Amino acid sequence: MSPSTQTSPLQAEQDACAEAETNPELYQHFANLVSSLPSSEGLSHNQFYRHDQGWHTGLVVMVGAMVADACFTARPSDIVVATLPKSGTTWIKSLLYATVHRREHHPAAADHPLTSLGPHGCIKFFEYQIYTRNKVPDLDKLPDPRLFSTHVPSVSLPRTIATSGSKIVYVCRDPKDHLISQWDFAKKFRVMNQLEPFSVEAAAELFCRGLSPFGPYWDHVLGSRWSPPDPTLFFRYEEMHKDPAAHVRRLAEFVGHPFGTGEEEDAAVDAIVRLCSFEHMSGLEVTKTGKTDLVVGAVENSSFFQRGVVGDWANHLSPETARHIDAITAAKFMRSGLPVLS
Ligand code: A3P
C-alpha cells in the first residue's frame, strides 16, 4: 500500500503540476524529427507517423512519447498501464487505482477520487497528459507507488521502465472488437474535423494494413511479451468480463498487496468490482458531463464508455472480414502462445 503521507497522491500531483517546467527546445527538436517521418492517413482523424515498430496517431502525441522517453526516470515501484486504445484502458485504470489505494479510499466511499476525477484523471497518460508542451509535472515529487499509463508499444516505452524493474499491466482485446470500438470512437472525431467517416469495411482494410492508432495491433500485442524476467501482468478484456473479481485479486497480488481470505476481503474485492463496473462508471456525473484534457484536445469522458460488451463485432463485420482478421491473427500469433479469439 502507498506509504501514509500527509499529502494525498492527488494533492501531490497537483502541487507538482504547479511547479511545472517546460522545455520548448526539446519539444521542437522532436517535432522536427517526427515531421520528417513517413506519414499516412489512418483509422482516426489525425495523420499517422511511422516509428520503429508501428504507427503513432498524431504529431503531438508522438512528440510526447519521445519527450517521455528522454525525460522520464522510472522507479522500481512504478506501475504502468500499457494498452492499445479501445482495449479496456479505462476499466483497468479504475481497477488498478481502486486496488492500490483501497486503504486510503474505501471503494464504496461516495467521495472516492474515481467518482470525481474519473479514471483518466486518476492515472494519466505519458504522451497525452503528462509530457505535453504546456505543463510537465515534477514527477519526482509523487509518492510511491506512482501509477501511469501509455498507449505506445513496448519498443517506444520510456527506456528507464525496462531498466528500473517497474511493473507493467497490459490488457489485450479481441482485435475485431478492438477495431469496432476504435472505428466508432474515431467516427466522432472524423465528423468533428469535417472528415467523412470511414465505412466499417474501409476501416477494417486500414486496420489489416496496420493503420490503426499505435498499430499494427498484432505487433503491439506481441511486443507486450518480454524476455524473462517479464515485468508484465497480461490480462484479456474478455476474461476480465467473465470474472472481474479474480482479476482484481491477481492485480492486487501483482502490485504486492494481495487480498487475504475471508468475508471482509471478499467484500472489498466485490466493492472494487462494483465501483469500476461499466454500469457504475458510465452513470457517474464526471462521465456524463466531464471532459479529459488531452494534448489533442478536451475529450468528453462519456466517449470512453460506449457499449462495454464482448463480441459486438458480429453486429458490424461481415463473416468474410471477420475470418480475414482471424487468419491474420492466427498467422501472427502462431508461435507466441497467444490464442486467437473468435
Ligand atoms: P466499446 O467501444 O466496445 O463499448 P479504452 O478504455 O481502452 O479506450 O477502451 C474503451 C472500451 O472499453 C469501450 O468499448 C468501452 O465501452 C469499454 N469500457 C470502458 N469502461 C469499461 C468498464 N468499466 N467495463 C467494461 N468495459 C469498459
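Helices and strands, as I will use the words, are DSSP runs numbered from the N terminus, where a helix is H or I over at least four residues and a strand is E over at least two. With that in place, K86 can be located in the loop between strand 4 (79–83) and helix 4, and I will come back to this residue later.

Before going on, I should say that this is a predicted model, in which local features need pLDDT of at least 70 and side-chain atom pairs count only at pLDDT 80 or more, while totals for chains, interfaces and linings use all residues. Residues are numbered from 1 along each chain as its sequence is written, and side-chain values use heavy atoms, with hydrogens and water left out.

Let me begin with the ligand. It is surrounded by 18 residues, and the closest of them are T89, T90, S181, R307 and G308; a residue is counted here if one of its heavy atoms lies within 4 Å of the molecule. Divided by type, this shell holds seven nonpolar, eight polar and three charged residues, where Ala, Val, Leu, Ile, Met, Phe, Trp, Tyr, Cys and Pro count as nonpolar, Asp, Glu, Lys and Arg as charged, and the others, Gly among them, as polar. Which helix gives the most to the shell around the ligand? That is helix 4, residues 89–100, which supplies three residues.

For polar contacts, the cut-off is a pair of N or O atoms within 3.5 Å; within protein, one atom must be able to donate a hydrogen and the other to accept it, and residues adjacent in sequence count only if both atoms are side-chain atoms. A polar backbone atom of G88 is 3.1 Å from an oxygen atom of the ligand. In the side chain of T89, an N or O atom is 2.6 Å from a ligand oxygen, and for T90 the distance from a polar side-chain atom to an oxygen atom of the ligand is 2.5 Å. The ligand taken alone exposes 570 Å², and the protein buries 98% of that area, with accessible areas coming from the Shrake-Rupley method with a 1.4 Å probe and, for residues, only the protein chains shown counting as cover.

I turn now to the sheets, where two strands are said to pair if DSSP finds at least two bridges between them. One open sheet has three strands in the order 1-2-3, and its pairing is antiparallel. Strand 1 (39–41) and strand 3 (54–57) each have a single partner strand, so one side of each is left without a neighbour in the sheet. On average, and with direction ignored, neighbouring strands of this sheet are turned by 40° against each other; the axes behind that value are lines fitted to C-alpha atoms, for helices over the stretch in contact, and angles run from 0 to 180 degrees between N-to-C directions. Strand 2 (residues 47–51) pairs with strand 3 in the antiparallel sense over four bridges, and these two strands form a hairpin with two residues between them. Within that pairing, H51 stands opposite G54, while R50 has W55 as its bridge partner.

A second open sheet has five strands in the order 5-6-4-7-8, with parallel pairing. Its edges are strand 5 (124–125) and strand 8 (232–236), each of which pairs on one side only. Strand 7 (residues 167–172) joins strand 8 in the parallel sense over five bridges, and one bridge partner there is T232 in strand 8, opposite I168.

Next come some backbone details in the loops. The loop between helix 10 (200–208) and helix 11 (217–223) contains P216, which is joined to G215 by a cis peptide bond with omega about 0°. F214 is found in that loop between helix 10 and helix 11 as well, and it has a positive phi of about 65° although it is not a glycine. Is F214 buried or exposed? At 1% relative accessibility it is buried, where buried means under 20% relative accessible area, exposed over 50%, and partly exposed in between, with a 1.4 Å probe and protein chains only. The peptide bond from P228 to P229 is also cis, with omega near 0°, and P229 lies in the loop between helix 11 and strand 8. Returning to K86, its phi is near 65°, a positive value in a residue other than glycine, and with a relative accessible area of 13% K86 is buried.

I will finish with two residues elsewhere. L317, in the loop between strand 10 (297–300) and helix 17 (319–333), is buried at 6% relative accessible area. H29, found in helix 2 (residues 24–35), is partly exposed at 45%.
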